[in-house]
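Here's a quick walk through a two-chain model. Have the viewer open and follow along.

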Amino acid sequence: MSAPLATHDYTPDGLDAVLEFLKRTRNELRALRRVRVWPDHIHIIDVNKDYFEIRSLGYGDADVVPVLRNINTAFNPQTIHDPVTAQYKEFDTGRRHPWAEDRVM
Amino acid sequence: MTAATALKSSMNEANERDPFNNNSYGTLVDQGYKLVNLPVLDVNDFNERIIRGYEEGWGERDLPADLTVARSLIPAGTATLRDFSNISPEIPEYIPENCTGCMDCVTECPDTAILGKVLGEDELEQKLQTITDVADREMYRKLWSKTKKYYDAGKKKHGQGGMFQIIIDPSKCKGCAECVTVCDDDALKMIVKTDKVMTDARKSHRIFKSIGPSNNKYISDSLLIDMMLKEQTHIYVGGAGSCAGCGEGTALRMLCSATGSKFGDQWALVAATGCNTVYTSTYPYNPYLVPWTNSLFENAPADAIGVRMRWDQMGWQNKPIWCIGGDGAMFDIGFQALSRLFASGMNIKVFVLDTQVYSNTGGQASTSTFTGQNTKMSVHGKTFGGKQERRKEIAQIAMMHPRTYVAQTTCAHVNHFYKAVLGALEFDGPAIVVCYTTCQPEHGVADNMAGDQARLAVDSRAFPILIYDPRKGEKVKERLSLQGNPAVKDDWFKNPKSNEEVSFIDFARSEGRFAKHFDKDGNPSETLLWAKQERLENWRLLQELAGLR
């Protein structure tokens, strides 16, 4: 992959800063496709395979859960922190609200 | 035709609104209107007067209620004159140097908006020399690629390599990005529509249609995915009114291509009311190049029986008839007519667009709906967590009818899909092909996710694929093949990257229609755990029937 379109360095207790980074820069990516989570960084990837990188935050950290939720990732919070032999964990991000989901006939 | 319209250029020619004539008949090569020899339908008048009225925005207000309008007959392929250039802010861009010629993008596009062509190196050069504007010629030349599949293999086989091209039809693309998503080679990306981008796209598409068809010697008939390189397979033209990324659109296109590859336009469709009939007959636009009829929601199979009987009387036994409908029409409301069709033994093929919900009427539950799914009429609330019944399995029911060919497939499993459809066509009796089709607004997934979700539905045992061919033997296990499902002998497939099992819970987690089943910690509800067990039981039953347990 080429260089990330934007990067953010996570610091402990820096969850709000990560979410603010995503809110501020989100429109630089197109429709999100998937997320790759390493032990020490995250790639948020769009349909064009352009991506953001969040450094120093990995699947072992508690703050990874709200970050993944923020970008609609289909992941299991019960197993997200478990170590894996693979290089990284990969999840899809295409979930949306169904049409008129709160309308009752 | 009025005097005013007679003075204007034809809708099938360049005009002020369509300066490069992108909205014109023919998908890969230019063609004239598809005329019919009927006293009740004047195709020239329809396209020049009625289509023009709708394209220019005055049709509904000013067209007189004459016999042509009142009959609501629509000629074949009128959707090709419809312009969708301005409905999306983005369009795919082709990157030839990365392309491998896999044809996935062409196959999976729901709107016939991404097209392929292959030509010998010399003949391409000759055609390029006919482009008088040097800048246009060089711009167009850059859109051809040398792939291993067509160039290297072609050189070995024919002494000269085949040059391959993908082109975007900017008048039909709805910007769903499905093509970009299915491309594993980074040969497509979404870009913003600027004036220059659109002018180049329109010019390229115009030249593409003008330079003639592919050279057939570079197209292998044994490679099913290459069938869309031939004009005769483009029976479903662009311009249908389906949602961006509609899984049904792709399914219908692929069905039409497979049937067109064998029978050209000598076959017909009988459609049950549903989304499919709305977006393929929104007056005055029709994407089909074959005869199509729509009766009622519940009686398409009965209607098809009638058409079959008449065609047989006319000596047209060899012309196939596809009866199409959604899960509402085939699992529920038209089920008795469907069962009667199977029992008749007649040579009619049924194609089910299984979205697991009544998509057209706003998302009510059908018997195809998955357990736990949040729909209108099975709303997720405090008392009930979505649908509380099991999903009905129409494929298993169809197998138990006398001598009926049955397949269950998805568009993401391209070879399986084509084999299922071609097998149904070859079978000398009733056949049904049930196709998983993503409905983006009802499933709660992004526009580019039709293929991804169809694949996950199979991987997670939500929707196993199968082919049941009564000709294969006397025993059920000889007739039923589960080939194409991952880890076919196991309960669950394990993702090779994570080594974690992929279950119905993972499928549900990825779609908005099941979102309310997960608590704040991500734990699935009791209903969803039961749904997972129910899907496993269904899978084990299929394994047992196929002799794998």
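What follows covers the chain contact, a helix pair and the nonpolar cores.

Keep in mind that this is a predicted model.

Start where the chains meet: chain B puts 31 residues into the contact, and chain A puts in 25 residues. On the side of chain B that touches chain A, helix 9 (178–182), strand 5 (188–192) and helix 18 (440–443) of chain B each chip in at least two residues. Helix 18 of chain B has the largest share there, with 3 residues. Sorted by class, that side of chain B looks like this:

| Class | Residues on the side of chain B that touches chain A |
|---|---|
| nonpolar | 9 residues |
| polar | 12 residues |
| charged | 10 residues |

Now for a helix pair inside chain B. Helix 13 (residues 300–313) and helix 15 (residues 335–344) of chain B cross at roughly 35°, with their axes coming within 7 Å. From helix 13 of chain B, the contact uses B:Pro301, B:Ala302, B:Ala304 and B:Ile305, while helix 15 of chain B brings B:Ala337, B:Leu338, B:Arg340, B:Leu341 and B:Ser344. By class, the residues of this contact come out as 7 nonpolar, 1 polar and 1 charged.

Which residues touch the most other members of the largest nonpolar core? They're B:Val350 and B:Val433, in a core of 141 residues. Helix 17 (residues 414–426) of chain B gives the most to this core, 7 residues. Setting aside neighbours within four places in sequence, B:Val433 contacts B:Phe351, B:Ala407, B:Thr409, B:Ala420, B:Val421 and B:Ala424. There's also a second, separate core of 19 residues, with A:Tyr10, A:Val64, A:Leu68 and A:Ala74 among them.

Note on methods: Residues are numbered from 1 along each chain as its sequence is written. Chains are lettered from A and ligands numbered from 1 in the order in which they are written. This is a predicted model: local features need pLDDT of at least 70, side-chain atom pairs count only at pLDDT 80 or more; totals for chains, interfaces and linings use all residues. Two residues are in contact if their C-beta atoms, placed from the backbone, lie within 7 Å. Helices (H or I, at least four residues) and strands (E, at least two) are DSSP runs, numbered from the N terminus. Ala, Val, Leu, Ile, Met, Phe, Trp, Tyr, Cys and Pro count as nonpolar, Asp, Glu, Lys and Arg as charged, and the others, Gly among them, as polar. Axes are lines fitted to C-alpha atoms, for helices over the stretch in contact, and angles run from 0 to 180 degrees between N-to-C directions. A nonpolar core is a set of buried Ala, Val, Leu, Ile, Met, Phe, Trp, Tyr and Cys residues joined through C-beta atoms within 7 Å. A residue is buried if 20 or more other C-beta atoms lie within 10 Å of its own, exposed if 12 or fewer, and partly exposed in between; C-beta atoms are placed from the backbone.
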